[in-house]
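Hi,

Here is the structure I promised to pass on. Have a look at it first, and then read my notes below.

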Amino acid sequence: MGAKARKAQTKSVKKGAMQLAASAAPGDEAPDFLPLEGGPAKKIPVTKLKETKATVLYIGRIPHGFYEDEMTGFFQQFGMIKRLRIARNRKTGKSKHYGYIEFESPEVAKIVAETMDKYLLFEHVLQVNLIPPERVHPKLWRRVNRKFIPVDWVAIERNNLDKMRTWEEHKKLVDGIKKKDRKRVKKMEAAGIDYECPEVVGYTETAPKKIKFDTD
């Protein structure tokens, strides 16, 4: 760069500084920059961060075994928990792998959302998001204090199998078993397998005679 070019650059810088100082009115803050395309000086607008009052968090991709008691013990390290609910299947009681948690303080909820979002827990990447107060459904905390009692389907099936049946009910059950056996035999014969299903023991085709007792 020659001497004339340096002199012209210095002159333009001084001129711009003078314009920047002159554009500010007395008592006002000085503008931050001059536009490259020319024109009056401008000031960068100050953006204020909105204070959130959200205290409810959505937690997705909850791993198996990480349920109400485990979640309460884990998230208590951040602050006081007000309510916690895991979505479950109404019939089986199994977790749907997502839930909601509410803290007493909005600041704590914000810290949990920033800290635990995309946190790797038991090979599951958690999804933790704040829910604005206006988007919290009125029925979100329905039955939150009611502990789910799982249905013992094994005991139910055992009782159904061991219950006393009438002769008609017993015949219907045995006929269903025989029908399935005949289908199996046909499939095996088509495959070239010679097999005969065992007979059902303790079954009669006719109904047993009713015994009349003498009242005398």
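Let's start with strand β1: 4 of its 5 residues are buried, so the strand is largely enclosed by the rest of the structure. By buried I mean under 20% relative accessible area, with exposed being over 50% and partly exposed in between (1.4 Å probe, protein chains only). Helices (H or I, at least four residues) and strands (E, at least two) are DSSP runs, numbered from the N terminus.

Before going on, some housekeeping. This is a predicted model, where local features need pLDDT of at least 70 and side-chain atom pairs count only at pLDDT 80 or more, while totals for chains, interfaces and linings use all residues. Residues are numbered from 1 along each chain as its sequence is written, and side-chain values use heavy atoms, leaving out hydrogens and water.

Now the sheet. It is open and antiparallel, with 4 strands in the order β2-β3-β1-β6; two strands pair if DSSP finds at least two bridges between them. At the edges are β2 (81-88) and β6 (127-131), each pairing on one side only. From one strand to the next, the twist averages 20° (axes are lines fitted to C-alpha atoms, for helices over the stretch in contact, and angles run from 0 to 180 degrees between N-to-C directions).

Back to β1, which covers residues 56-60 and is joined to the antiparallel β3 by 5 bridges. Along that seam, V56 has E102 as its bridge partner, and I59 stands opposite G99. β1 also pairs with β6, again antiparallel and over 5 bridges; there, Y58 is partnered by N129.

Two helices lie across these strands. Helix α2 (residues 68-75) crosses β1, β2 and β3, at about 145° to β2. Helix α3 (residues 106-116) lies across β1, β3 and β6, at about 150° to β6.

What does the side chain of E102 make a polar contact with? E102 sits in β3 (residues 95-103) and is buried, at 8% relative accessible area. Its side chain meets the side chain of R83 at 2.7 Å. A polar contact here is a pair of N or O atoms within 3.5 Å; within protein, one must be able to donate a hydrogen and the other to accept it, and residues adjacent in sequence count only if both atoms are side-chain atoms. Setting aside neighbours within four places in sequence, E102 touches residues including T55, I81 and W141, where contact means heavy atoms within 4.5 Å.

S95 is in β3 too, and it is buried at 13% relative accessibility. The S95 side chain reaches the backbone nitrogen of H97 at 3.0 Å.

On to the aromatics. Rings of Phe, Tyr and Trp (its six-membered ring) pair if their centres lie within 6.5 Å; planes under 30 degrees apart count as stacked, over 60 as edge-to-face and the rest as tilted. By this rule there are 7 aromatic pairs. One of them is Y98 with Y100, edge-to-face because the centres are 6.2 Å apart and the planes are at 90°. Y98 is partly exposed at 27%, whereas Y100 is buried at 15%. F66, F74, F75, F78 and Y119 form one aromatic cluster.

Finally, helix α5 (residues 167-190): V174, D181 and V185 are buried in it, and the helix is followed by G192, with a positive phi near 85°.

Cheers
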